[in-house]
Structures are given as structure tokens and as C-alpha cells.
Amino acid sequence: MNEHSIGVHIITKDEAELLPQCLESVQHADEIIVIDTGSKDSSILIARSYGAHVISMDWENNFSKPRNEALRHANTEWILILDADERLLTPLHILKEQLSSIESQIQAVTVTVDNLVSRQPENRVTHQALRLFRSDRDYEFRGIIHEQIEPSIIDKHGLSAITNSDTQIIHLGYLPQYLHNKNKVARNHALLQQSLMETPDDPFLLYNMGVTHCQAGQLEQAQLCLEHSLMLVPHNQSYRANLIRDLCKIYLELNLTKPLDILLIHELNRYSDYPDLHFLLAQSLERQGLLERAYDAYQNATSCTIGILHQRYITELGVAHFLPYCHMGMIAQQLGRIEDAARLFHLSLQFNPLYTPSLKGITSSFDALDVPNKDIHALLQQLVNPQTTEDHILIIEALKEIHAHESIASYSQQSYVSNPRILFDVCISLITISHLEEASVLFNQQMPHLSYEDLIVACQMWAICQWQQDPKELQDNFYVNMPLDMCKRYEFVDQILQIPSDTTKHHYPPDILELVITLVRQSVLLHQPEIAQRLIEHFPEGKLTYASTLYVHGDTMAAAEILLSLLQQDLLDDEASIYLGEILIDKGHYAQGAAWFEQLLQAHPRNEKIITAVSICYLHLAESYITEALGLADNHHSSHLHEDLSSIRSAILLLNRTGWHTTINLKRTTTEVRHD
Amino acid sequence: MINNPHPPITLCMIVKNEAEHLANCLESIQEVVDEIIVVDTGSTDSTIQIAQHYGANIISLPWTSDFATARNVGITQAKGTWILVLDADEELDQGSKDELKLCAMHLQYEGFFLRIHNHTGKEKSSPTATVNPILRMFRNRPEHLFRGIIHEQIAASITDHRPNAALHLSTVMIHHYGYADHTVIEKDKIQRNVTLLEIALSRSPNDPFQHFNMAVEYMRLGEHQKALTHIHKSMELSVADTSYGHLLHKYEIRCRYALGEIDEALNCCNEAITMYPEYTDIFHLKGAILFANRKLQEAKSVLMKAVELGPAPTHYHTETGLGTYLSCNMLGQIAEEVGHDSEAITWYTKSALFQSDWVQSSNRILRIMKCSNQEQDIPELLANQFPLQIQSTEIRNEIIHWLALDGSYQAAQTLNTQLDTNMTDELKASWRSLISSDQPFTSDFSQETLTLAIPYAYQFGQENKAFNLLRQWELRYQNESRICADILHSQEHVQDPVLQPNKPTESLMNEAILLSRTWIALTDALLSRTEPTSPHYSAIRRVRLMLPLPRIK
């Protein structure tokens, strides 16, 4: 047996898809042992092609059996346990070097497992696991599922024989595409159920059953299992904290903020160094509009020192730094503390310069602090240090937050606009700042390279651009790359626009009207109200869209006027009716707002947005009566009245924090909507 | 005063224009004291006549800006074995007469601390704000003289002459009225005290007691930084077991907190807790500071400690409710903030059982139960937790009325039938009458009935009727409001408070309050429709919990 030799042990069943990448990462191991429990795919062939020693055995509903079988065949000093859906990230020769300097009393080493959970690289969950240990006849795996070697090592040498390392393993199995490809979840479920028949009150099994339910999307069952497990698990169990984290994630998913708050407020005394728990509590509080307390809780998450995980906390990437800092920034923004917000977003970006919400946050904060757009653009460049097209898109997305059209328009070089996302953003900006010719040229160049979906959008923009350039007919080059049916529709609209509008009622085909309505919306987005108005002169059906789009984009006064005229013709839809009600409330006409929304409420008695809007009106009316009473009151009454007044105002504030009001895409969206 | 078994007591007072209070004071000690000496420093009202009526020996003395001198003039004339010192706005509790007489028999003591209960109002039934043990009865000896031109003290002169003098903490209760008025005394009176204390301090700059007094005056003026300086000076100068040592610490915490120095305030709390581990007030104060700074769990554990300790031992200056209902109430608020209903109800129940603040705590319980869909359990909870209170017809009817005002009509009805009260039949009829009437008019109902009936109709599917009435009522109110404004306007010319008392504004104010209450009740009825599955359910529940509680006069 070589000194410091490493053997890699894998068990497989139909792992052909992921096995190659796994074996690739350990191909310089001194030995690879693969226990196959009945693959029907090419797993065995793949394993052999990497020089693995493959042993086939029957699957006996017990993970420890194949693991221990592998141990019996081991010929190396050290053994590394891998799963087929994992990959060793630390190069094997570095690992060997580290093992060569390890003290002789150390029997086992934990490694960091990074679980990727979505395409976004920042979405990952890490935990420490014991995967590397010295070969020893007395060591054995225990447990039919989530088999563990640890107890047998501790039995023989005690806890001090285990140490931590920075060796890293990547686990791909939680990625959605792999999780559902295989029947692992169903298999685990069956195994756990079988074990639970024998020991129904085993908290570890219940915990794993909960996790399995969760993976299968059965949140209610998962909740029950985890709650049951929590009642039974001893406080010193290392997985207890993780169990609480998983349970709270489910609570949050199910909107059960109350049990979450109560559980965490107690458990955080015990696990005050577990950032994920602070973060979950913060999310729950933020959702309830308790912004100040949420801010505190996020701050607590940032004060957890990561890296020193003496307990095996499963922790999400960024949960102790860039995520909470970003949320703190957003809360500071909502509370009108813009300087703080800018500082917090900046802090967040120190830990992850590519985190989009923080980039958007810092951009809008600096904008609210009246920093010129070009300086903000320079700051973004410096923060992101863009290398790829994706990086540039991040910057443009942030600039869009503040309508920095001049800056976005500067991305008009070929190398950028060959990406359709950038092309559209650049053209929107160019048209908005009336650089119509440049936009036209870009469309003309890029049209042949666009996919059908992108072509549809490009045509809408280009048509508006051309009409604005020259009110006469669309030019021939407009139609060159267009499918025939689309050509016909544009020609139709274009021709109608050329004839003077009259008051006769026309009936146009539905596909034409659909196109017109899209064009009206685009015209508002592109800040070309003349085109929108021209369109609705000929196609009055577009009026409602025009008013609604104007409203959402901040021109509430113009919108109100059209909405009122549509109201007289009884042409409002529910959405537009809500907009009109919001305008009443924003203007402080609470009695009218109440009456208006009550009418809507009769049609939609359970609509929460409407319920909240009516409640806000009622509370403002209550407020006004108390204010009148205060004007008439003596000292004796006034302290009570002041108290009631402040309760009402807090209630209104909290209701406004539920986000009932349509978000108005103003140039500045930083401060909370206030109605006093 | 015949057959008086105890050594004689002389009551010594200094007064100036105390006609309002003096009779009550002298009445309360009539059978206890054997001699009354009143030093009058220039009354212009009937003070002297009243004093004479009770057989007082009156000494007239020009005011020399020196409280100690005036007191000493009185006590040097005293013939009794004991000197009892009271102020005119104080009164001996009638239940304490025997204890005071008993004290007088114990000549092994040099003095007795009596417990001064400072009331917020002018009635004995008004709530007690603080309780303060003060040395108020002591042996009549020539060397026992008051010191200090303000906040004159006797203790120092006793202990100077008799370092081993035995002083006893009695439970004799003295009621002191108008404490709240005292705390809002005009600024110039405080300023006068400051001037006096400055003189005192210039004479004896190292007198810790006068530094302490100066700090108290500055706190009343809201000048906490200056107060803090004197507190520290006093701490530096005073000996280890000074009687007001614990107060210095409490006030230091208050000042720090008022100055926004949260961490320092909490450090001071910890320091004070090590020195006075049984002083409840500090625990409560620490809990309140932590709560205000959203450290809920820490606040909870320190407040629980306060409740465990109970009211502070008798030799501490303490505020009523600390360690009892106020601490429990705050624990209830913390539980509510966390979202722990049952725990909140438990604490509020505890608080209510301490009696003093029954209504406030019990109303929170009823509100929480309503918002967590436990309205139907309210009658049972009341019967189990508050069987005694529920027996009182008055309280019972008040609860029923309150529940109806808060929209818990079912609970109110159940309670009403269960308890079979007469008076509320009328009330019950009133809120239901609206539903039965086809075309209701506001003129058919009293405002109180409308406040109950409109939300009732709204809650039970008669929304149109509810709005019809409410809008009629609002129109009527607007009319009245206009008329009232006219009257007020005309009153500016003919001011005659006898012919035109403040009636129109007061009734208008009440009507505005009732209208506001009605809109609040409608809000609550509406918000209760939110589905528990909504992401905003919890936020909306909190809104319902924080809506103003109905107030019954």
C-alpha cells in the first residue's frame, strides 16, 4: 500500500449521464472502485474506460452494503467517497500533498460540498461532509440511507481524530434538470418509508423524509415530517440546525411566517452563528412589512463569521454577506435613507460584483443622490470590470433602472448589438433620445440575424422609429426580412395611418387590432406619444392600452384624463379601474376613492388589492375625523386622540408596505408611496 | 386623644396657601397625633383658620427661601416624643393609623420610614405612579434638625449624632396627591428650585444629596446632559450605602437613554443590577430599553426576571406596576410583536390579574382573540381567567359593549345571553335593529347605536344599508360642524361662558370620534376577509391588531 495513496469509491446505478465528469475529476487516483447495483445503461462501460475496478452486486435497499463492499476491496491508505453526480474540484495532486503533511492521529477529514441549485452561479448551498478517511478494518458505514462512516471512526478514536479541510466537491444532483431526470426522489422515499416502518420515531429518518418530500414538491408533507423530527431530535445533534433551516424555508414558501418567527426567535439563541437562520427570519419580517426588524435580522446575518463552521451548518452562498447587505440596502431605500442604501449596496458588491439586484440598487441610489449618469456608468464599469457580453448586459440592466439613455446608447458598436438583448436596449434608448436615424441603421443591419421572436419585437420598434422619422409610408427595407403575413399586417396599419381619420366606426380584424395595441404600448415605452396618438385616432380600440401604459410609466395626469373619458363610455377594464382608483387615493380623495373601490369590490369581493385599497381609504377617513376631533378637544382627550391617530397612521404605513399599489415606473422609484 | 397609650406624636408642617388640601390632611391624622404645629410662611387664604379649627399651634414666619429653617422653627416648639412631618397635600391612609401608633411605642428606634404613595390625580383611587420610602417620623431631640435650604433632610443629622441609630422601614402608607401636577409644575418653579440648589451647592459644593436634587430638577427640565453631570458628581461624593444610591443609578440610566446613548444605558443597567440585584425597577427599565431597540428575546428574559422579583423591596424608591402589571404588559407586547398569540394572552392575563390596569390588558386579550379567529372562545376565557371581575354587572356590561364596538358581535351576544344581564338587552337590540328596518334613517338611532349598528350591518351582508346610514350621518355631521363653527364665531363677540358653555364643541368632538370609530370598525371587518394563504396575511393581521382600541368613557 502506497503511503498517502488515495482510492475513490463510487456506487452507481444508471449514472451514464454524470459519471464521466465525476471520473474525469479523479482520473489520477491510485485506485477507483465502482460498486454497480444493477445499471441498465452504459455506466459500467464508462467506469471501466476510466480504469475503475467495477464490482456488481444486487441492490438490497441499503446504501451501507455497497459502500462497505467497496471498503473490503480497498488497497489505498486514504479513501475518498464520491457520488456519481459529484466532481472533485480540488486537484488530486494538491489533495495528496495536503494528506502527506497531515498528523498521524488524524483519521478522517471533512470536505466542503458545494451544491448547485440553479443556473445562477450564486445560487448554491454549501455544507461540510466527512468524505475522506484512512482505510481501517474497523470502519464501516451505517444506515440504510444517508449512510455515515463517522460514528465508527468516533467510536474508535473520538472526535479529535476528525479535522476540517478546504477540499472542495461540487454536487450537481440538486440542479433541477438532474433532480427530475432520475427517480432518486422516489427511491429515497421508498427506502425511508421502509425504515420508518421499523422505527417511526427516528428523528434522522424523519428529517430525511422531510427533505425528500420537499424535493418532490410536497411541501405540506415535508413540513409535517420536519416538525415531527424537530420534536424528537436531541439538541446536540449536528443536523438539528439544518433541520430548522429546511423547515423555515418551507414555512416561508407556504407563507407561514408566524410559526417561523416563533421558532427562530427561540432557536437563534442557540444557533446565533448560523447566518441562514438570521437571513430567513429577516425575509419573513420583511414580507410582513416589519422593515426595521428585518434590517436588524439581516445585519445579524452579516455578523456571522463564515468559514469557521464548527457545526456542520448547511449554508447558502452569500447568506452572510452580499445577500443580506443587498436586502439592507433595499430596506434603507424604502425608508428613505439613500446614503445608507448606497453604502450597503456597495458593500454587497464587494462580495459579489455581479449581483444584479445590488447593481440596480446602487445605480438607483446614486441617481437619487443626484450623481450624474455618466459617473454612475463609470462606477458600474469599475465595479463589474466587464469581460463578457453577459457582464455588459448587467451594466445595461442597471442603467435601465435610471433611464440613463445616453449611457445605454453608447453600446451601439457592432460587438455589442450583435446580442439581441443589447440591440433592443440600445435602440430603445436611441429612439427615446430621438437618435432615430442611428436606430434605423442598427435595425437595418441586424434584422437578417434575428430569431423570429426577436424579429417581431424589432419590427415594432423599427416601425415606430420610421413613422416618427417620416410620417409617410414605411420604407421598403422595412419589409425585407419579414414573413409575408407580418408584412400584410404592417402594410394594413401603415395604409390606414396614411388616410385622414374620421369618426365612423370601423371594424378591423382581430390580428390587426392586436398589432395596433402592441404598437401603442411600444410607442409609450419608446417615448413617442405622437405615434401612439396617431394610432388611436385611427384605432380607438388602442385608447385603453394607451392610458394604462401611460399610467404605469408615470404620466398619471395624462392617463387620468383619458381614463375618465373612457369611464364615461363605459370602456374601462378592471386593471384600468384600479388605476383610476389609485389616482383618486394618491390625490387624497379618500371618500371618492372608497366609493370607487367599493364598486370594484362588489365584483371581486375577495380581491386583496381592492380590499387593501378600500381599507386605506377608510383609515384615512377615520384619520380625518380624529384630526377634526383633536381640533375640538381639550388636553384631557387629546392624548388619547393622538395615540389613536398614530396607530391609524402606522396601520396605513404597514398596509402601504404590502405593495398593493401598482409600481409606477418613474424616473425615481426610491421612496415609499406616502399619502399624507 | 384620651387614653392614648403611645408616647405622644407632634405633627409638624410648613404651609403657605394650602386651603385646598389642609383639611383632608389634618382630618386623616386627627386621632393619631397629640399636637399639631403649623409654620405658616405667609398664607393669604383660609389656611390659618383651617389649621386653628383642628387645634393647631400656629407660628407665622416670613419666608426666607430656606426650607430647613422653617421646618426647624416648628420642631423646636414640639413637645411630643415623636415628630411626624407631613405636607399639606399628603394624607395618612386610614388603614395605617394603628401601625403608626404601634411605631410610636417602639422607642428603641430613632426614626421610621413611611411609604409615600404618589398619586397621579387628586383622588385616592387615582393610580399610583411611584412609591417612595422617606424618613418622616423621628425622635424629638434638640440635635435632630433639618438641613438644606431645599430638599431639607433629617436623616443626616440623626446619623451624625447617633451613627448606630436604628431606623425602621414601616409599611405606613401616606397618600400624596397631585404628583402629576408636580411633575408638570411650571418651569419657573423648577427654575426657582435650581436657583436655591445653586446657592446650597455654593455653600457646600461637595454635598452629594444636593447634587442628586439638582439632577432631579434638570431631568424635569429635560436637560439630561446637565442632570448626568450632577448624578456623577453625587455618585462620586456619596458613601457606599446612601439611601438614594439606587435612585442615582436609575436616573443615570434614564438620562443616558434620553440622550440616545443606548449602549451606555444598558451598561449602566448591568452595573446597577450587580449592585442592587433585587431592585426590580432596573430590570424593567433594561427590558424597556431592549424592547424599544427591538432586542425582543433579551428584553423578554430581563422582564421575566422583573416579574420573578415582584415589586421592589420597601426601602427602594419604586414605580407602581414594575415587576407586576407593567412588566407583564410589556411581555405581552413583546409576544405580540413576535407573533406568539397564546403567550401574549398569558402575559396580558397575568397583567390584568394584578388589577391595576385591568381594562387595558384585558382589551388586548380580546383584540388578539378576535384577530386570530378565536372570537368564539372569548366568553369561556373570561369565565375561566376572570371569574371575579365578570361577576360585577358594571364590568360585564362594559366588556359586552367593548366587544361589540370592536366588531366581536358574536362574543358579545354569547356573553350577554350567558350572563343574562338586563341593561344590555337594549344594547343588543340597538345593533340588530338596523338589519330589520327597511329604510333606516340616522334620525331613528342615537350616535352610539349607529357606531355599533353600521359595522354590524356591514359585517353581516347589509353593506348598502350600512353605507346609506353612514353617508346620511356624515352629511348631518358636516351640517352640525358648520353650525358649530358659526356659533363659535359669534361667541367671539359675545363671550358668556354661563349662557354658552362648551357644549356644542364637545358633542361635535364626540360625534367625530364615533365616526372615526365606525370607519375603523369597517376597516377591520373588511380586512378580516384576507385569506390565510395570502402572502400579506401576516402583515394584515398586524394591521388589525394595531388599529386603535375602542374606548369607553
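This briefing describes the chains, domains, salt bridges and selected residues of the structure shown above. The model is predicted. Chain A has 676 residues, and chain B has 553 residues. Counted over all chains, there are 62 salt bridges.

**Chain A: overall build**

- The secondary structure of chain A consists of 32 helices and nine strands.
- Measuring along the principal axes, the C-alpha trace of chain A extends over about 95 × 80 × 50 Å.
- The domain assignment divides chain A into domain 1 (1–174), domain 2 (322–329 + 338–402), domain 3 (420–572) and domain 4 (576–656). Domain 2 is thus given as two segments of chain A.
- Taken over C-alpha atoms, the centres of domain 2 and domain 3 of chain A are separated by 32 Å.
- Of the residues in chain A, 54% count as buried.
- Among contacts in chain A with a separation of 6 or more, 62% are between residues 24 or more positions apart.
- Chain A has an accessible surface of about 30200 Å², and carbon and sulfur atoms contribute 51% of that area.
- Chain A carries 47 positive and 86 negative side chains. The centres of these two sets lie 4 Å apart.

**Chain B: overall build**

- Chain B contains 25 helices and nine strands.
- Along the principal axes, the C-alpha atoms of chain B occupy a box of roughly 85 × 60 × 50 Å.
- Three domains are assigned in chain B: domain 1 (9–176), domain 2 (187–341) and domain 3 (422–490 + 501–553).
- The C-alpha centres of domain 2 and domain 3 of chain B are 43 Å apart.
- Buried residues account for 54% of chain B.
- For contacts in chain B with a separation of 6 or more, the share from residues 24 or more positions apart is 67%.
- The accessible surface of chain B amounts to about 24700 Å², with 52% belonging to carbon and sulfur atoms.
- In chain B there are 47 positive and 67 negative side chains, and the centres of the two sets lie 3 Å apart.

**Salt bridges**

- Side chains of opposite charge can pair when their charged atoms come close.
- A:Arg421 and A:Glu397 form a salt bridge through their side chains, at 3.4 Å from N to O. This pair links distant parts of the chain, 24 residues apart: A:Arg421 belongs to helix 21 (residues 420–432) of chain A and A:Glu397 to helix 18 (residues 389–401) of chain A.
- The two partners are covered to differing extents: A:Arg421 is partly exposed at 44% relative accessibility, whereas A:Glu397 is buried at 17%.
- A second salt bridge joins the side chains of A:Asp511 and A:Arg489, with an N to O distance of 3.7 Å. A:Asp511 lies in helix 25 (residues 510–525) of chain A and A:Arg489 in helix 24 (residues 484–498) of chain A, so the salt bridge ties together parts 22 residues apart in sequence.
- A:Asp511 is partly exposed, with a relative accessible area of 34%, and A:Arg489 is partly exposed, with 21%.
- In chain B, a salt bridge connects B:Asp160 and B:Arg147, whose closest N and O atoms are 2.8 Å apart. B:Asp160 is in helix 5 (residues 155–161) of chain B, while B:Arg147 is in the loop between strand 7 (128–139) and helix 5 of chain B; the two residues are 13 residues apart.
- B:Arg147 is partly exposed, its relative accessible area being 37%.
- One network arises from salt bridges that share partners, and it joins A:Arg245, A:Asp246, A:Lys249, A:Asp276 and A:Glu316.

**Two buried residues of chain A**

- A:Leu247 is located in helix 10 (residues 240–253) of chain A. Its relative accessibility is 1%; A:Leu247 therefore counts as buried, the cut-off being under 20%.
- Beyond residues up to four places away in sequence, A:Leu247 touches A:Gln223, A:Leu226, A:Glu227, A:Leu230 and A:Leu263.
- A:Leu247 and A:Ala222 are 25 residues apart in sequence, and their C-alpha atoms are 8.0 Å apart in space.
- A:Arg134 is found in strand 7 (residues 124–134) of chain A. With 11% relative accessibility, A:Arg134 also counts as buried.
- Apart from neighbours within four places in sequence, the contacts of A:Arg134 include A:Glu77, A:Trp78, A:Ile102, A:Glu103 and A:Tyr139. A:Ser104, A:Ile106 and A:Gln107 are likewise in contact with A:Arg134.

Notes. Residues numbered from 1 in each chain as written. Chains lettered and ligands numbered in written order. Predicted model: local features only at pLDDT ≥ 70, side-chain atom pairs only at ≥ 80, totals over all residues. Heavy atoms only, no water. Domains from an automatic or database assignment. Helix = DSSP H or I, 4+ residues; strand = E, 2+ residues; numbered from the N terminus. Buried < 20%, exposed > 50% of the residue type's maximum accessible area, 1.4 Å probe, protein only. Contact = heavy atoms within 4.5 Å. Areas by Shrake-Rupley, 256 points an atom, 1.4 Å probe, with all protein chains shown as cover. Lys, Arg positive; Asp, Glu negative; His and termini not counted. Charge placed at Lys NZ, Arg CZ, Asp CG, Glu CD. Salt bridge = Lys/Arg side-chain N within 4 Å of Asp/Glu carboxyl O.
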